[in-house]
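Student: Hi! I have a new structure open and would like a friendly walk through it. Could you help me find my way around?

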Amino acid sequence: MRDFNEYYQWHVGKKAEFMAEILRKKDYRVSLARTKEEAKSMVLSMIPEGSSIGLGGSQTVIQLGILDELRNDRYQLLDRYAPCYDSREGQHFGILRESLMTDVFITGTNAVTMKGELVNMDCSGSRVAAMAYGPKKVIIVVGVNKLVKDIPAAVDRLYQIAPMNCRKEEHHTPCVETGICTDCNVKQTETIRGRMCNILSVILSAHKFPGRLNVVVVADEMGF
Ligand code: SF4
């Protein structure tokens, strides 16, 4: 009997190599990890001791399993995932604002196009703002499931996955029940968590600040 896993491993490996190559052409500092565990070690090796660290809202960051290592005296972690913070309250937004000026910012990305563009959708914009400007070093971890043909395909992907994020973050949008995006117009109020898809960002290249945007490509699926 054929081992289909062999073909899967071959395919994700090739996709990861392709992603690394197109991102290098755009001046990202790229590392290629065969596994999530290798990706985690690579990320940790990129963070100097004593660094202040911000985190993007990212299922990939959670899946990386890096939070325990970052929660110690060697780093100054601005921990948006600390259980004591309610993501609806001011203290949480304070953490997100401070994260814009950290030494290191760790995040995922929603899509990578075949031209090496990074495409993201945010609710508040705090993650895409930090990716674009502010933190001295940005580390972006990305699995091969994020590769798409072009920017329109990336935007399609963002609306496909957004209902999962809406449900996870307990928004009051129709997609939380149906699983399908209807390009809703639900307003934010004190008691209602409205539309999540508010800020669309495209990073075309990393040419401006060489060494600032680092990407760890993982030969596996990561995040939504
Ligand atoms: S636009 Fe509205 S319905 Fe569509 S995914 Fe975003 S929050 Fe859900």
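**Pairing up the strands**

Tutor: Happy to. Let's begin with one pair: Ile53 stands opposite Val104 in β4. Keep in mind as we go that this is a predicted model.

Student: Which strand pairs with β4 there, and in what sense?

Tutor: That is strand β2, residues 52-55, which pairs with β4 in the parallel sense over three bridges.

Student: What order do the strands have in the six-stranded sheet?

Tutor: The order is β1-β10-β7-β4-β2-β3, in an open sheet with parallel pairing. β1 (29-33) and β3 stand at the edges, and each has a single partner strand, so one side of each is left without a neighbour in the sheet.

Student: How many bridges join β4 to β7?

Tutor: Four bridges join strand β4, residues 104-107, to β7, and the two run parallel. To find a spot on your screen, look at Phe105, whose bridge partner in β7 is Val138.

Student: And how many join β7 to β10?

Tutor: Six bridges join β7 to β10, again running parallel. Here Val141 has Val216 in β10 as its bridge partner.

Student: Why is β7 described as largely enclosed?

Tutor: Six of its seven residues are buried, so β7 is largely enclosed by the rest of the structure.

Student: Where do side chains point in a strand, generally?

Tutor: In a regular strand they alternate between the two faces of the sheet.

Student: OK, new topic. How many residues are in the largest nonpolar core?

Tutor: The largest nonpolar core has 24 residues. Those with the most contacts inside it are Leu23, Tyr28, Leu118 and Val217. At least two residues each come from α1 (4-25), α6 (126-132), β7 (137-143) and β10 (213-218).

Student: Which element gives the largest share?

Tutor: That would be α1, which supplies six residues of this core.

Student: What does Val217 touch?

Tutor: Leaving out residues up to four places away in sequence, Val217 touches Ala16, Met19, Ala20, Leu23, Val30, Ser31, Leu32, Ala33 and Val142. Apart from this core lies another one, of 21 residues, among them Met46, Ile66, Tyr75 and Leu77.

Student: Tell me about Tyr75, then. Where does it lie?

Tutor: Tyr75 lies in the loop between α4 (67-70) and β3 (76-77).

Student: Is Tyr75 buried or exposed?

Tutor: Tyr75 has 10% relative accessibility. The cut-off for buried is under 20%, so Tyr75 counts as buried.

Student: What does Tyr75 touch?

Tutor: Not counting residues up to four places away in sequence, Tyr75 touches Leu44, Ile47, Pro48, Glu49, Gly50, Ser51, Ile53, Glu69 and Leu70. You met Ile53 at the start, opposite Val104. As for Ser51, Tyr75 is 24 residues apart from it along the chain, yet their C-alpha atoms are separated by 5.3 Å.

Student: Back to sheets for a moment. What is the strand order in the four-stranded one?

Tutor: It is an open sheet with the order β8-β5-β6-β9 and mixed pairing. The edge strands are β8 (147-148) and β9 (199-203), each pairing on one side only.

Student: How do β6 and β9 run?

Tutor: Strand β6, residues 118-122, and β9 run antiparallel, joined by five bridges. Asn120 has Ser201 in β9 as its bridge partner.

Student: Which residue should I look at in β5?

Tutor: Try Thr113, which lies in strand β5, residues 111-113. Thr113 is buried, with a relative accessible area of 0%. Its side chain and that of Glu117 are joined by a polar contact of 2.5 Å.

Student: What else does Thr113 touch?

Tutor: Beyond residues up to four places away in sequence, Thr113 touches Ile22, Val119, Leu147, Val148, Lys149, Asp150, Ile151 and Ala154.

Student: Let's zoom out. How many helices and strands are there?

Tutor: The chain has eight helices and 10 strands. Buried residues make up 47% of its 224 residues.

Student: How does its radius of gyration look?

Tutor: A compact globule with 224 residues would have a radius of gyration near 17 Å, and the chain's value of 17 Å agrees with that. Its C-alpha trace spans about 50 × 45 × 40 Å along the principal axes.

Student: And how much area does the chain expose?

Tutor: About 11,800 Å², of which carbon and sulfur atoms supply 53%.

Terms used
Residues numbered from 1 in each chain as written. Predicted model: local features only at pLDDT ≥ 70, side-chain atom pairs only at ≥ 80, totals over all residues. Heavy atoms only, no water. Core = buried A, V, L, I, M, F, W, Y, C linked by side-chain atoms within 4.5 Å. Buried < 20%, exposed > 50% of the residue type's maximum accessible area, 1.4 Å probe, protein only. Contact = heavy atoms within 4.5 Å. Polar contact = N/O pair within 3.5 Å; in protein donor to acceptor, adjacent residues only side chain to side chain. Pairing = 2+ DSSP bridges. Rg over C-alpha atoms; globule rule 2.2 N^0.38 Å. Areas by Shrake-Rupley, 256 points an atom, 1.4 Å probe, with all protein chains shown as cover.
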